[in-house]
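Me: I am new to this structure, and I would like to know the reasoning behind the labels people put on it. Could you walk me through it?

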Amino acid sequence: MRSLHHCLAPAKLNLFLHVVGRRADGFHLLQSVFQLIDHGDVLHFDLRPDERIVRSTDVPGVPEEQDLIVRALRLLQAEHARRHGRLPPGIEVAIEKVLPMGGGLGGGSSDAATALMAANHLWQAGLTQQELMDLGLPLGADIPFFMFGETAFAEGVGEALQAVPGPDCWYVVIEPGVSVPTPAIFSAPDLTRNTTPVTIADFSSSLVASGKQFDFGKNDLQDVAERLFPPVAEAATWLKSYGDARMTGSGACVFCAFSSEHEADQVLAQVSLSGASAWKAWKARSLKSHPMKSLLQNQAVME
Ligand SMILES: C[C@@](CO)(OP(=O)(O)O)[C@H](O)COP(=O)(O)OP(=O)(O)OC[C@H]1O[C@@H](n2ccc(N)nc2=O)[C@H](O)[C@@H]1O
Ligand SMILES: Nc1ncnc2c1ncn2[C@@H]1O[C@H](COP(=O)(O)OP(=O)(O)O)[C@@H](O)[C@H]1O
């Protein structure tokens, strides 16, 4: 096989995100539930006649050499060479960028995870899921989750993952029109860093009690993001009139869950009437499993 086209790099939402401590190196210890949704970037991969990793699409603000996709593919190419004694062919990657940067949707990490899964297959590199997760972690804390590929309770900096049942629901997501740099949030002096740890059972029993998991906990990064980036606060306040709206990741996007597509459509119609021209709003459905998993299984059958 020489190509893999139309590979989704889905976004994630953090259904809650607690900061429970700090590591000796300054990184923050988190607890979160990560949920995949059916909205994301679309990537296309073609093997090359030479050994170069090349990005054929311009991504504003992200030079090719810094792109997480290119960096991830080079890491895997080197690992392949270490294991098999030769460099595999290069790859040309084209990106249909849909997800905003600095949106808390994990776009860059998801792109990198999809690229690693696609290249592992195209090159027949043979890395296990755990080996791919370990390879990706230094590039971005969310990369292991995307490779894990199902709703997960995450601890550590996001690398310790356990599957949990996810809600089947629709989300309205608002991009408030600002990009939030993650370091600005974690370095804020007023960030709450000592939330009492919860257990998976606490989270799961909230589903049994309420029939929905999205009203569990809170996003500890939200107060700081709202103070530093007022458009985040404006979008969150507006969306809160329709349910338990909150921010994802370190921002800037805010989301609210609904049990039907119809309810989500009704809220989206109100966004259009709100007059907030800087906002971009869309709906997405929760995903049970990463689409690359079934794509790769089907491709394997077709070979
Ligand atoms: C908080 C999350 C939740 O998903 O935010 P989003 O990126 O999705 O918004 C992620 O774990 C973000 O992880 P990651 O994407 O790797 O963060 P980076 O941008 O590389 O981190 C930038 C900087 O933030 C600080 N940082 C990051 C993660 C963490 N757990 N503790 C930290 O203190 C570090 O100083 C780091 O150098
Ligand atoms: N392929 C990529 N897509 C998006 N961002 C990328 C990519 N490669 C590197 N980056 C860098 O990662 C940063 C974080 O982007 P992203 O993961 O989309 O946001 P967030 O972590 O807030 O969800 C961007 O500002 C950009 O500098």
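Reply: Here are some questions and answers about the labels used for this predicted model.

Me: Let's begin with the overall layout. What makes up the division of the protein into domains?

Reply: There is a domain 1, residues 3-164, and a domain 2, residues 170-285. Their C-alpha centres are 23 Å apart. The contact between them involves 26 residues of domain 1 and 34 residues of domain 2. On the domain 1 side, strand 1 and strand 2 are the elements that give two or more residues, and strand 1 has the largest share with 10 residues. That side has 13 nonpolar, 11 polar and two charged residues.

Me: Why is His6 called exposed or buried?

Reply: A residue counts as exposed if 12 or fewer other C-beta atoms lie within 10 Å of its own, and buried if there are 20 or more. His6 has 10 C-beta neighbours inside 10 Å, so the label is exposed. His6 is part of strand 1.

Me: And what makes Gln124 exposed or buried?

Reply: The cut-off for exposed is 12 or fewer. Gln124 has 11 C-beta neighbours inside 10 Å, and therefore counts as exposed too. You can find Gln124 in the loop between helix 2 and helix 3 (129-136).

Me: What is notable about phi in these two residues?

Reply: Phi of His6 is near 55 degrees, a positive value in a residue other than glycine. Gln124 also has a positive phi, near 50 degrees. Most residues other than glycine have a negative phi, which is why such values get a mention.

Me: How do you know which peptide bond is cis?

Reply: Look at the bond that joins Gly251 and Ala252: omega is about 20 degrees, and the bond is cis. Most peptide bonds are trans. Ala252 sits in the loop between strand 8 (246-247) and strand 9 (254-258).

Me: What makes a group of residues a nonpolar core, and which members touch the most others?

Reply: The members must be buried residues of nonpolar kinds, joined through C-beta atoms within 7 Å. The largest such core has 78 residues, and Ala115, Leu116, Tyr171 and Val254 touch the most other members. Strand 1 (residues 3-22) provides the largest share, 10 residues. Domain 1 and domain 2 each give this core at least three residues. In general, nonpolar side chains of soluble globular proteins tend to be buried together.

Me: Which residues does Tyr171 touch?

Reply: Leaving out residues up to four places away in sequence, Tyr171 touches Leu13, Ile37, Phe255, Cys256, Ala257, Lys283 and Ala284.

Me: How do you know which residues surround ligand 1?

Reply: A residue is included if its C-beta atom lies within 6 Å of the ligand. That gives 17 residues for ligand 1, the closest being His28, Ala141, Thr182, Gly249 and Ser250. Helix 5 gives the most, with three residues. By class, this shell has six nonpolar, 10 polar and one charged residues.

Me: And which residues are closest to ligand 2?

Reply: Leu68, Met101, Gly107, Gly108 and Asp111 are the closest of the 19 residues around ligand 2. Helix 2 has the largest share of that shell, four residues. The shell divides into six nonpolar, 11 polar and two charged residues. At least three of its residues come from each of domain 1 and domain 2.

Methods: Residues numbered from 1 in each chain as written. Chains lettered and ligands numbered in written order. Predicted model: local features only at pLDDT ≥ 70, side-chain atom pairs only at ≥ 80, totals over all residues. Domains from an automatic or database assignment. Contact = placed C-beta atoms within 7 Å. Nonpolar A, V, L, I, M, F, W, Y, C, P; charged D, E, K, R; others polar.
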